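Here's a chain worth rotating on screen while you read. Let's walk through it piece by piece.

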Amino acid sequence: MWIVFSLLAAVSAAIVVTLSKIGVKNIESSLAFAVQSVLIVGVAWGVVAWQGHLGQVQTIDRRTWLFLIAAGVITCLSSLFSFQALKLGMASRTASFDKISLVFSILLAVFFLKEKVTWQLVAGAVLMAGGAILIAFSGGEEGSGGE
């Protein structure tokens, strides 16, 4: 089932990149991110309330709070960087180059989460990184595509 949710996340992310690129065209990228963030917060808490999990907030331990807060801060930075990249570059290039995060995710998972390294994992990461770099630095006008 995780594959279904991962594919849905990928399709959703692709749609977000496209809509965000259109959205940042005439405004500052940080303002575009702020608008989306308000909606994200509302929907996220709405889902938690709808599922009946609001009471669990008080059971979250201090260590978990620290990790979630740190991840939230990094998520904000990542989104701000992504929005600025979208403002300055082509959506296809910025979105593909952003996916090099996969390589960093694998490295962090291996070193901090002690996940197993296999030849398939290494080969897949190399191919994905190579593809992302190839797309990001492909030929074409930087200003093409309505940029």
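**A walk along the helices**

Start at phenylalanine 81, which is found in helix α3, residues 62–88. Keep in mind that this is a predicted model. Is Phe81 buried or exposed? Its relative accessible area is 58%, and anything over 50% counts as exposed, so Phe81 is exposed. Phe81 also has company: together with Trp65, Ile69, Val73, Ile74, Leu77 and Leu80 it forms a nonpolar patch on the surface. Add up what these residues offer and you get about 670 Å² of accessible area.

Now for the records. UniProt, in an unreviewed entry, places a feature called "domain: EamA" at residues 2–136. Over that stretch the chain is 81% helix and 0% strand, with the end C-alpha atoms 28 Å apart. The unreviewed entry in UniProt also puts "transmembrane region" features at residues 30–52, 64–83, 95–113 and 120–139. Take residues 95–113: the span is 84% helix and 0% strand, and its end C-alpha atoms lie 26 Å apart. For residues 120–139 you get 85% helix, 0% strand and 30 Å between the end C-alpha atoms.

Next, back to the beginning of the chain and helix α1, residues 2–23. How far should its 22 residues span? At 1.5 Å a residue, the expected figure is 32 Å, and the end C-alpha atoms of α1 are 30 Å apart, which agrees. The buried residues of α1 are Val17, Ser20 and Lys21. They cover an arc of only 95° around the axis, so they sit on the same side of α1. The general rule behind this kind of pattern is that an α-helix has 3.6 residues a turn, so residues three or four places apart point the same way. On the face of α1 turned away from the buried side you'll find the exposed residues Phe5, Leu7, Leu19 and Ile22.

Finally, have a look at two loops. Glutamine 58 is found in the one between α2 (29–50) and α3. With a relative accessible area of 71%, Gln58 is exposed. Its C-alpha atom is separated from that of valine 16 by 32 Å, and the two residues are 42 residues apart along the chain.

The other loop, between α5 (101–112) and α6 (119–136), holds lysine 114. What's the backbone doing there? Phi of Lys114 is near 60°, a positive value in a residue other than glycine. For context, most residues other than glycine have a negative phi. As for its surroundings, Lys114 is exposed, with a relative accessible area of 65%.

Terms used
Residues numbered from 1 in each chain as written. Predicted model: local features only at pLDDT ≥ 70, side-chain atom pairs only at ≥ 80, totals over all residues. Heavy atoms only, no water. UniProt positions renumbered as here; feature names shortened; annotations may be inferred. Helix = DSSP H or I, 4+ residues; strand = E, 2+ residues; numbered from the N terminus. Patch = residues over 30% accessible without salt bridge, like charges linked within 9 Å, V, L, I, M, F, W, Y side chains within 5 Å. Areas by Shrake-Rupley, 256 points an atom, 1.4 Å probe, with all protein chains shown as cover. Salt bridge = Lys/Arg side-chain N within 4 Å of Asp/Glu carboxyl O. Buried < 20%, exposed > 50% of the residue type's maximum accessible area, 1.4 Å probe, protein only. Expected span 1.5 Å × (residues − 1). Arc of directions from axis to C-beta.
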